[in-house]
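Subject: Structure handover

Hi,

Here is the structure for you to look over. My notes follow below it.

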Amino acid sequence: MNNASELNNMSPIKRALLAINKLQNELKKTKEKQNEPIAIIGIGCRFPFAENPYEFWDLLEKGKNGIDLIPKERWDINEFYSEDFSEKGKMTTKWGGFLKDVDKFDPKLFGISPREANYMDPQQRILLEVVWQTFENSGIRIDNIKGSKTGVFIGIGNNDYSQFTYGNYYENSSYTGLGNVSCISANRISYILDLTGPSIAIDTACSSSLVSVHLACKSLLNGESEIAISGGINLILSPDAHISFSQAQMMSPEGKCKTFDESADGYVRSEGCGIVLLKRLSDAEKDGDNILAVIKGSSVNQDGKSNGISAPNKLAQEKVISEAIKVSNINIDEIDYIETHGTGTKLGDPIEVQALSEVFRNRKNSKKIILGALKTNIGHTEAAAGIAGLIKTVLSINNGLIPKNLNFKKINPLIPIHEIPFQIATENIEWKRSERKRIAGISSFGFGGTNAHIIVEEFPTENIKSLIPKRPYHLITLSANERKTLNFYLNSHKDYLTKFENVDPGNYSYSVNSGKKKFDYRVGIAFQNVKELASKIDNFIKNEFENDPFINTIEPNRNNKI
């Protein structure tokens with residue numbers, strides 16, 4: 001008897017019960033899918049004194065300070081500086097965290113004309129570069145996602161560049177508008193890469209980039225996106241905000257975010273860009289992606305009517321953290337680490353700790369939760385602050401270490417540190433794998449009242465299947481659209497291999513070959529270990545490779561070896 005005849009022979013009540021059971025199973029599957037964790041499968045970044053995730057981790061692990069004097073390329077410090085915060089048109093700080101070479105860009109790589117690139121906000125340019133870096137980090141070729149339901153969610157707030165491009169009406173062009181409106185920061189990524197998922201720019205001030213990750217996760221769980229590009233960008237090209245925030249007494253005259261310290265005197269403005277590549281965990285496992293960590297859940301809310309539009313709201317912070325923990329389906333005893341918002345203000349820091357204390361007041365785990373504060377290293381990257389904290393946390397999980405906070409000497413007297421379940425990361429702290437998964441929370445609170453919190457969990461390495469067979473030699477192939485660009489690219493690989501000599505050559509070869517788009521200028525290098533590879537790269541850059549059978553190259557209009 002077939003299914004149709006069985007159904008016909010059933011009573012109406014049995015058929016109704018069967019239909020109800022089917023609907024319940026479908027509802028259960030839908031709920032399970034909506035609660036599915038999200039895999040982080042790639043990261044990319046540019047922060048002060050760190051051009052990529054490896055340099056960023058080096059900065060964190062070694063406790064380096066990313067803050068420096070305001071560079072003369074931005075503005076003349078002497079023209080705008082004053083110790084008197086009430087003096088009009090002046091700033092009370094000479095400091096900030098700044099990126100290098102924000103005026104440099106390779107438009108040809110992205111199919112953009114040099115003339116149009118001149119009118120593009122450098123934030124748009126850097127986003128394109130860091131998105132490219134993120135795909136290479138993930139091992140996914142960027143041209144393989146063409147036409148896919150890939151969503152783009154970008155946190156962005158500043159538009160300093162528009163002051164230079166809009167200021168002279170006679171210099172405006174048809175590119176001026178597209179180059180300076182915030183929505184294009186996300187839309188241009190979707191356009192150039194030919195992506196068909198949602199493409200959204202988000203501005204919630206300091207929480208923008210973490211809110212963008214939250215929305216990206218929701219888009220993946222709702223099926224709007226199959227992959228999501230998410231993060232944020234912040235550049236400081238004009239003195240205006242430095243002046244405004246100085247007069248509001250929000251800036252540290254010393255140029256130090258002294259989070260949780262009794263001498264905290266304000267924050268330091270900083271630049272940065274961070275991007276993560278996201279997939280539903282089941283898809284990432286099925287596709288064999290390199291899963292760096294897992295987002296268990298997230299939450300976003302608003303302060304509402306508080307003591308002032310820029311004043312923190314303790315109750316709202318409690319609620320957003322509690323909700324993120326709830327949707328993550330974890331227990332407060334499982335959390336090891338919180339990457340705090342931690343701007344370094346006398347009142348803001350105690351309010352944040354008070355909110356955390358309320359969330360974790362019933363914690364039974366005797367081990368204290370470690371509180372991290374990235375802003376002590378690189379300052380407050382504003383719209384990119386949340387993604388910076390998330391990337392720091394992912395790197396901490398993968399390196400088994402929580403980096404120390406800087407600028408801490410004595411606890412703020414408004415923080416009863418001995419009465420609460422928290423420990424300030426005053427030194428590097430080991431965070432090794434154990435029988436229990438390592439779990440962390442990341443907070444980011446916008447000064448307009450929009451708060452975000454994300455829960456991140458490690459992904460067990462034993463779940464990752466090796467794709468690399470054992471072999472005596474390995475091969476990498478690298479390419480670029482110009483020889484000088486190829487040399488620059490190779491130099492970055494050489495620098496990395498010199499710093500990290502313990503890299504597995506097979507894994508390195510696989511990552512490089514699978515994640516790179518192919519261009520006209522190409523080189524292939526065979527090698528046994530990464531030390532040898534670094535040496536061969538150096539020989540190629542110096543044009544000392546003609547007699548090396550393990551280095552082969554293809555260049556347009558040249559007698560190629562292969």
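Below is what was found, grouped by topic.

One caution first: this is a predicted model.

**Salt bridges**

The count comes to 29 salt bridges. Opposite charges on side chains can pair when the charged atoms come close. Three pairs and one network deserve a look.

Start with Glu116 and Arg188. Their closest N and O atoms are 3.1 Å apart. The pair links distant parts of the chain, with Glu116 in helix α5 (residues 114–119) and Arg188 in helix α9 (residues 183–193). In sequence, 72 residues separate the two. Glu116 and Arg188 are both buried.

Next comes Lys392 with Glu339. Here the closest N and O atoms are 2.8 Å apart. Lys392 sits in helix α16 and Glu339 in strand β9, so this salt bridge ties together parts that are 53 residues apart in sequence. Again, both Lys392 and Glu339 are buried.

The third pair is Lys286 and Asp283, with closest N and O atoms 3.8 Å apart. Both belong to helix α12 (residues 281–287). Being three residues apart there, they are separated by about one helical turn. An α-helix has 3.6 residues a turn, so residues three or four places apart point the same way. Burial splits this pair. Lys286 is exposed, at 65% relative accessibility. Asp283 is buried, at 14%.

Lys286 and Asp283 also belong to a network of salt bridges, together with Glu226 and Arg280.

**Cysteines**

How many disulfides does a search of the whole structure find? Zero. Take Cys183: the closest cysteine sulfur is in Cys273, 17 Å away, which is too far for a bond. Cys183 is partly exposed, with a relative accessible area of 39%. Cys257 is in no disulfide either. Its nearest cysteine sulfur is that of Cys206, at 11 Å. Cys257 counts as buried, at 2% relative accessibility.

**Positive phi**

Most residues other than glycine have a negative phi. These residues are worth checking against that.

- Asn329 has a positive phi, near 60°. It is found in the loop between α13 (314–328) and β9 (335–339). Asn329 is exposed, with a relative accessible area of 70%.
- Glu382 has a positive phi too, near 55°. Its place is the loop between α15 (375–378) and α16 (385–399). Glu382 is buried, with a relative accessible area of 8%.
- Gln249 comes just after α11 and takes a positive phi of about 60°.

So where does that leave Asn329 and Glu382, buried or exposed? Asn329 is exposed, whereas Glu382 is buried.

**Helix α11**

Helix α11 covers residues 240–247. Its buried residues are Ala241, His242, Ile243, Phe245 and Ser246. What covers them includes α4 (77–80) and β3 (95–96).

**Thr150**

Thr150 is found in strand β4 (residues 150–156). Its relative accessible area is 0%, so Thr150 is buried. The side chain of Thr150 makes a polar contact with the side chain of Ser148, at 2.6 Å. What does Thr150 touch beyond four places away in sequence? The list is Ile145, Leu195, Thr196, Gly197, Pro198, Ile227 and Ile229.

**Surface patch**

Which residues form a nonpolar patch on the surface? They are Ile13, Leu17 and Ile20. Together they have about 320 Å² of accessible area. Leu17 lies in helix α2 (residues 12–34). Leu17 counts as exposed, at 53% relative accessibility.

**Where to look**

For a quick pass through the model, open these views:

1. The Glu116 and Arg188 salt bridge, which links α5 to α9.
2. The Lys392 and Glu339 salt bridge, between helix α16 and strand β9.
3. The network of Glu226, Arg280, Asp283 and Lys286.
4. Glu382, buried and with a positive phi.
5. Thr150 in β4, with its polar contact to Ser148.
6. The nonpolar patch of Ile13, Leu17 and Ile20.

Best wishes

Conventions
Residues numbered from 1 in each chain as written. Predicted model: local features only at pLDDT ≥ 70, side-chain atom pairs only at ≥ 80, totals over all residues. Heavy atoms only, no water. Helix = DSSP H or I, 4+ residues; strand = E, 2+ residues; numbered from the N terminus. Buried < 20%, exposed > 50% of the residue type's maximum accessible area, 1.4 Å probe, protein only. Polar contact = N/O pair within 3.5 Å; in protein donor to acceptor, adjacent residues only side chain to side chain. Contact = heavy atoms within 4.5 Å. Disulfide = S-S within 2.5 Å. Patch = residues over 30% accessible without salt bridge, like charges linked within 9 Å, V, L, I, M, F, W, Y side chains within 5 Å. Areas by Shrake-Rupley, 256 points an atom, 1.4 Å probe, with all protein chains shown as cover. Salt bridge = Lys/Arg side-chain N within 4 Å of Asp/Glu carboxyl O.
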